[in-house]
Amino acid sequence: MKHLLFLALLLTAGIGFSQNLEKDTIQLPEVRISNTPPEKAKVVKTKFSSLCVNSDALFYDEMVTLVTSLPKNGYISSVTFSFNETPRNGLYGYKDTDLLLVFYEVDASGKPGSAIGVPVPFTLKADFSGKMEILVPYGDAKNPGQFFAGLRRVIPRTKNTGIDFEVDTLCAKGNKIVMYKRRENANGWLTDPYSHHPFKMTIKEIVPPSK
């Protein structure tokens, strides 16, 4: 009889605790982030092009170009580069190369500052030649008004890297486009307005409709 009474008390306490737990539990609303652009969003783009174009090896670990001609608060959707357009074979042939598409804010000194979004990884195959559009997930990279866009090596260059790939750039003569470059183990960003070659590229942006 004592055992039955004790069991009944346990069941009653358990039910009461369950009821109190339900009362004290706060139901949080489910939050979902959509990677789909809203209806009536428009796509705009800007091109960095010239009649004079080079095919340059990326002798630095990272190189970026200043972008100022796209609407503020839009979302960067893709960047297109031209790769490996000069034929190379044998010992001097291209190699598979892992790269990152990167974006940076402009700091108070006009140099690349904080990163915008997450770098987009991609692999440039040795046998690829031509234009490549690298897509950016919608909502990941918001345009603060002006920003730097460019490429970073996943594995830093060494003296044995050689010419593993080439990317089209604009000729330096008469070029006023701002660009910076840096090496993994060096101090800070470097620029030379008289001998630099900014990327030949096309950047697309998705602009949401006005509310």
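Cys52 and Cys171 are joined in a disulfide, with their sulfur atoms 1.7 Å apart. Do keep in mind as you look at this pair that the model is a predicted one. The search for disulfides comes to a count of one. The torsion about the S-S bond of Cys52 and Cys171 is about -75°, and the disulfide is therefore left-handed. Cys52 sits in the loop between β1 and β2 (53-57), while Cys171 sits in the loop between β10 (166-170) and β11 (179-182), so the bond ties together parts that are 119 residues apart in sequence. What about the surroundings of each partner? Cys52 has a relative accessible area of 38% and is partly exposed. Cys171, with a relative accessible area of 12%, is buried, because the cut-off for that class is under 20%.

From the sulfur atoms we can move on to the charged side chains. Side chains of opposite charge can pair when their charged atoms come close. In the whole structure, the search finds five salt bridges. A good place to start is Glu62, which forms a salt bridge with Arg152, the closest N and O atoms being 3.4 Å apart. Here Arg152 belongs to strand β9 (residues 147-153) and Glu62 to strand β3 (residues 62-67), so the pair links distant parts of the chain, 90 residues apart. Glu62 also forms a salt bridge with Arg182, where the closest N and O atoms are 2.9 Å apart. Arg182 lies in strand β11 and Glu62 in strand β3, so this pair ties together parts that are 120 residues apart in sequence.

Seen together, Glu62, Arg152 and Arg182 are linked in a network of salt bridges. Is Glu62 buried or exposed? Glu62 is buried, with a relative accessible area of 3%. Its two arginine partners fall in another class: Arg152 counts as partly exposed at 23% relative accessibility, and Arg182 counts as partly exposed at 26%.

Strand β9 also takes part in a salt bridge through Arg153, whose side chain meets that of Asp164 at 2.6 Å, N to O. Asp164 lies in the loop between β9 and β10 and Arg153 in strand β9, so the pair ties together parts that are eleven residues apart in sequence. Both Asp164 and Arg153 are buried.

Arg152 will also lead us to the cavity. How many cavities of 30 Å³ or more does a search of the whole structure find? The search finds one, and the largest cavity has a volume of about 30 Å³. Its lining is made up of Val102, Phe103, Tyr104, Ala115, Ile116, Gly117, Val118, Pro119 and Arg152. Strand β5 (residues 97-106) gives the most to this lining, with three residues. By class, the lining of the largest cavity divides into seven nonpolar residues, one polar and one charged. Arg152 therefore has two roles in our tour, as it lines the largest cavity and forms a salt bridge with Glu62.

Let us turn next to the strands around β12. Strands β1 and β12 run antiparallel and are joined by seven bridges. Within this pairing, Phe48 stands opposite Met201 in β12. Strand β12 also pairs with β4, again in the antiparallel sense, over six bridges. Here the bridge partner of Val79 is Ile203 in β12. Six of the seven residues of β12 are buried, so this strand is largely enclosed by the rest of the structure. As you follow these strands, it may help to recall that in a regular strand the side chains alternate between the two faces of the sheet.

These strands bring us to the largest pocket, which holds about 200 Å³ of space. Which elements give two or more residues to its lining? They are β1 (42-48), β4 (75-83) and β12 (201-207). The residues that line the largest pocket are Lys47, Phe48, Ser49, Thr80, Phe81, Ser82, Lys131, Lys200, Met201, Thr202 and Lys204. Phe48 and Met201, which stand opposite each other across β1 and β12, are both among these lining residues. By class, the lining of the largest pocket has three nonpolar, four polar and four charged residues.

Definitions and conventions:
Residues are numbered from 1 along each chain as its sequence is written. This is a predicted model: local features need pLDDT of at least 70, side-chain atom pairs count only at pLDDT 80 or more; totals for chains, interfaces and linings use all residues. Side-chain values use heavy atoms; hydrogens and water are left out. On a 1 Å grid over the protein atoms alone, a cavity is a set of points where a 1.4 Å probe fits but cannot get out, and a pocket is an open set with protein on both sides within 12 Å along at least five of seven lines; lining residues have an atom within 4 Å of a point. Grid points are joined across faces, edges and corners, and a volume is the space filled by probe spheres set on the points. Helices (H or I, at least four residues) and strands (E, at least two) are DSSP runs, numbered from the N terminus. Ala, Val, Leu, Ile, Met, Phe, Trp, Tyr, Cys and Pro count as nonpolar, Asp, Glu, Lys and Arg as charged, and the others, Gly among them, as polar. Buried means under 20% relative accessible area, exposed over 50%, partly exposed in between (1.4 Å probe, protein chains only). Two strands pair if DSSP finds at least two bridges between them. A disulfide is a pair of cysteine sulfur atoms within 2.5 Å. A salt bridge is a side-chain nitrogen of Lys or Arg within 4 Å of a carboxyl oxygen of Asp or Glu.
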